[in-house]
Amino acid sequence: MENNEINPNSPYQPNPSSNPSIYDRDLVITPMSGEFLRETAKWAKFLSILGLIGMGFYLIMVVFFFLYSIGASTAYGNGFNAVAMFPLLITAIIIIALYIAPIWWLYKFGTNLTSALNTRNNDQLTTSFQFLKRHYKFIGIMAIVMLGLYILSFIGLLATGFLAVLADKA
């Protein structure tokens with residue numbers, strides 16, 4: 001049976017005129033949900049470390065490819081143009097910079113969640129979920145942007161085909 005009396009000493013005062021929500025009661029992490037969260041934190045750390053290593057390898061590959069193109073352009077003369085490779089290098093660095101942030105936020109989620117579960121610290125648990133929210137929000141926005149780019153490229157492909165047909169008839 002619930003106690004519906006309002007305690008004046010309680011910092012939380014329910015609003016009886018509003019609908020009940022998830023904020024009307026304390027959330028308890030049961031031992032089973034704690035284990036699920038602990039395992040989630042381990043996977044989040046693993047995937048983020050793997051992502052950071054992957055971005056490091058990608059950066060090394062791009063730098064070596066750029067250096068190779070410089071060497072090839074001096075050795076073969078017209079074979080490669082190192083100046084033409086510079087926009088590719090800048091694009092790759094921008095892509096790496098874009099991916100580092102959500103990977104780092106996933107890592108911070110995992111480490112803060114592990115620490116929060118070990119110390120039973122609610123503030124650290126909140127911080128860990130803030131990092132998870134940042135991660136998913138960024139990934140969601142990036143997915144929307146990429147979907148928009150796919151739609152634009154499809155429209156461009158159709159327009160190119162249409163213009164090619166018109167040019168062929170002329």
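Read from the N terminus, the chain of this predicted model follows the pattern α-α-α. Its secondary structure amounts to 3 helices and 0 strands.

**Stop 1: the whole chain, coloured by confidence**

Begin with the complete chain coloured by pLDDT. The mean is 84, and 79% of the residues reach 70 or more. Among the helices, compare α1 and α3: confidence is lowest in α1, residues 31–76, at a mean of 89, and highest in α3, residues 122–169, at 94.

Next, select residues 1–8. Here the pLDDT is below 50, and beyond near neighbours in sequence the stretch has 3 contacts in the model. Where pLDDT is low, the predicted coordinates should not be read in detail.

**Stop 2: surface and interior in outline**

With a surface displayed, the chain exposes about 13,300 Å², of which carbon and sulfur atoms supply 69%. Buried residues make up 19% of the 170 residues. For contacts between residues at least 6 apart in sequence, 59% join residues at least 24 apart.

**Stop 3: the principal nonpolar core**

Select L37, A41, A44, L106, F109, L113, A116, L117, L125, F131 and L132. These 11 residues form the largest nonpolar core of the model. Each of α1, α2 and α3 supplies at least two of its residues, and α2 gives the most, with 5.

Within this core, centre the view on F109. Which residues does F109 contact, leaving aside its neighbours within four places in sequence? They are T40, A44, S128, F129, F131 and L132. Of these, A44, F131 and L132 are also listed as members of the core.

A second, separate core comprises 5 residues, including F66, M85, L89 and A92.

**Stop 4: N112 in helix α2**

Move to N112, which is placed in helix α2. Is N112 buried or exposed? N112 is buried, because its relative accessible area is 12%, below the cut-off of 20%. Beyond residues up to four places away in sequence, N112 touches Q124, T127, S128 and F131. S128 and F131 also appear among the contacts of F109.

**Stop 5: the loop after α2**

Select R120, in the loop between α2 (82–119) and α3. With a relative accessible area of 65%, R120 is exposed. Its backbone merits inspection: phi of R120 is near 55°, a positive value in a residue other than glycine. Most residues other than glycine have a negative phi.

**Stop 6: the nonpolar surface patch**

Return to the surface and select I49, I53, F57, L59, I60, V63, F64, L67, I70 and I93. Together these residues make a nonpolar patch of about 900 Å². Helix α1 contributes the largest share, 9 residues.

Two members of the patch can be examined individually. I70 lies in helix α1 and is partly exposed, with a relative accessible area of 33%. I93 lies in helix α2; at 40% relative accessibility, I93 likewise counts as partly exposed.

To finish, display the C-alpha atoms of I93 and Y58. How many residues apart in sequence are I93 and Y58? The separation is 35 residues in sequence, and the distance in space is 9.4 Å, C-alpha to C-alpha.

Definitions and conventions:
Residues are numbered from 1 along each chain as its sequence is written. This is a predicted model: local features need pLDDT of at least 70, side-chain atom pairs count only at pLDDT 80 or more; totals for chains, interfaces and linings use all residues. Side-chain values use heavy atoms; hydrogens and water are left out. pLDDT is the predictor's confidence in each residue, from 0 to 100. Helices (H or I, at least four residues) and strands (E, at least two) are DSSP runs, numbered from the N terminus. Contact means heavy atoms within 4.5 Å. Buried means under 20% relative accessible area, exposed over 50%, partly exposed in between (1.4 Å probe, protein chains only). Accessible areas come from the Shrake-Rupley method with a 1.4 Å probe; for residues, only the protein chains shown count as cover. Patches are made of residues with over 30% relative accessible area and no salt bridge: like charges are joined within 9 Å, nonpolar side chains (Val, Leu, Ile, Met, Phe, Trp, Tyr) within 5 Å. A salt bridge is a side-chain nitrogen of Lys or Arg within 4 Å of a carboxyl oxygen of Asp or Glu. A nonpolar core is a set of buried Ala, Val, Leu, Ile, Met, Phe, Trp, Tyr and Cys residues joined through side-chain atoms within 4.5 Å.
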